[in-house]
Amino acid sequence: MDSDCSYHYTDNFLIDPYEEELKEEKRHRKEMEKMKQHWDMVGFVADGQYGIPRRCPCGGSIKHDVSPSPKFKHDFDTQQGSRYFTCTKFKDDGLHFREPWVFGVEQEIEKLVIKFEEQSKTIEEMRKQIQIQAGEIAKLKT
């Protein structure tokens, strides 16, 4: 008999079945954490592509940044230069987020206008329902 084969057999025989279960559970947990990190990153990318970004795809926070020099000669705002939403860990390597301030704010305003219009429609529908119910209550009182 091969002593190497019996050694493996002895090892397999001595392994606790609960230990294997715990190893599998630990592996599964690590895999789930990796998947969560991946989907969080996908969410950060989606969030960063429209409106005011909240997080960078790397998971870093976003700060309001102003370039030190004016972009155009006619830039005479209180803060010189162009404004950006920039990742706190920004390096110009393509992995971090830096969006012009104007684009983010413009898209955010567009979202707010749409939300405002939806809420205005809902309020108008509720007013109509209140008027109908007030009429029904008046009929019941008479």
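The protein chain folds into three helices and three strands, taking helices (H or I, at least four residues) and strands (E, at least two) as DSSP runs numbered from the N terminus. Along the sequence, the elements come in the pattern α-α-β-β-β-α. The model is a predicted one, so local features are held to a pLDDT of at least 70 and side-chain atom pairs to a pLDDT of 80 or more, while totals for chains, interfaces and linings use all residues. Residue numbers start from 1 along each chain as its sequence is written, and side-chain values rest on heavy atoms, with hydrogens and water left out.

As for the chain overall, 13% of its 142 residues count as buried. Here buried stands for under 20% relative accessible area, exposed for over 50%, and partly exposed for anything in between (1.4 Å probe, protein chains only). The protein chain exposes about 12,300 Å², and carbon and sulfur atoms supply 59% of that area; accessible areas come from the Shrake-Rupley method with a 1.4 Å probe, and for residues only the protein chains shown count as cover. Among the contacts (heavy atoms within 4.5 Å) in the protein chain with a separation of 6 or more, 40% are between residues 24 or more positions apart.

Now to the sheet. The three strands make an open sheet in the order S1-S2-S3, with antiparallel pairing; two strands are taken to pair if DSSP finds at least two bridges between them. Strand S1 (62-66) and strand S3 (98-100) stand at the edges with a single partner strand each, so one side of each has no neighbour in the sheet. From one strand to the next, the twist averages 25°. Strand S2 (residues 83-87) pairs with S3 in the antiparallel sense over three bridges. Within this part of the sheet, Tyr84 has Pro100 of S3 as its bridge partner.

Helix H3 (residues 101-141) lies across S1, S2 and S3 and runs at about 70° to S3. For such angles, axes are lines fitted to C-alpha atoms (for helices, over the stretch in contact), and values run from 0 to 180 degrees between N-to-C directions. Two residues of this helix show what it touches. Val105, in helix H3, touches Ile52 and Phe85, leaving aside residues up to four places away in sequence. The C-alpha atoms of Val105 and Phe85 are separated by 9.9 Å, with their positions 20 residues apart along the chain. Glu108 is also found in helix H3, and it is buried, with a relative accessible area of 13%. Again not counting residues up to four places away in sequence, Glu108 touches Gly51, Ile52 and Arg54. Ile52 thus turns up as a contact of Val105 and of Glu108.

The charged side chains come next. A salt bridge is called when a side-chain nitrogen of Lys or Arg lies within 4 Å of a carboxyl oxygen of Asp or Glu, and the count comes to six. One of them joins Arg27 and Glu24, at 2.4 Å from N to O. Both residues lie in helix H2, three residues apart, or about one turn of the helix. Arg27 is partly exposed, with a relative accessible area of 43%, and Glu24 also counts as partly exposed at 43% relative accessibility. Glu24, Arg27 and Glu31 are linked in a network of salt bridges.

Another salt bridge puts Glu25 together with Arg29, their closest N and O atoms being 3.0 Å apart. Glu25 and Arg29 both lie in helix H2 too, four residues apart, again about one turn of the helix. Glu25 is partly exposed at a relative accessible area of 39%, and Arg29 is partly exposed at 43%. Over in helix H3, Arg127 forms a salt bridge with Glu124, with the closest N and O atoms 3.9 Å apart. Arg127 and Glu124 sit three residues apart in that helix, about one turn, and Glu124 counts as partly exposed at 38% relative accessibility.

Helix H2 has a nonpolar side to report as well. Trp39 has its place in helix H2 (residues 17-48) and is exposed, with a relative accessible area of 55%. Together with Met32, Met35 and Val42, Trp39 makes a nonpolar surface patch of about 400 Å². Patches are built from residues with over 30% relative accessible area and no salt bridge, joining like charges within 9 Å and nonpolar side chains (Val, Leu, Ile, Met, Phe, Trp, Tyr) within 5 Å.
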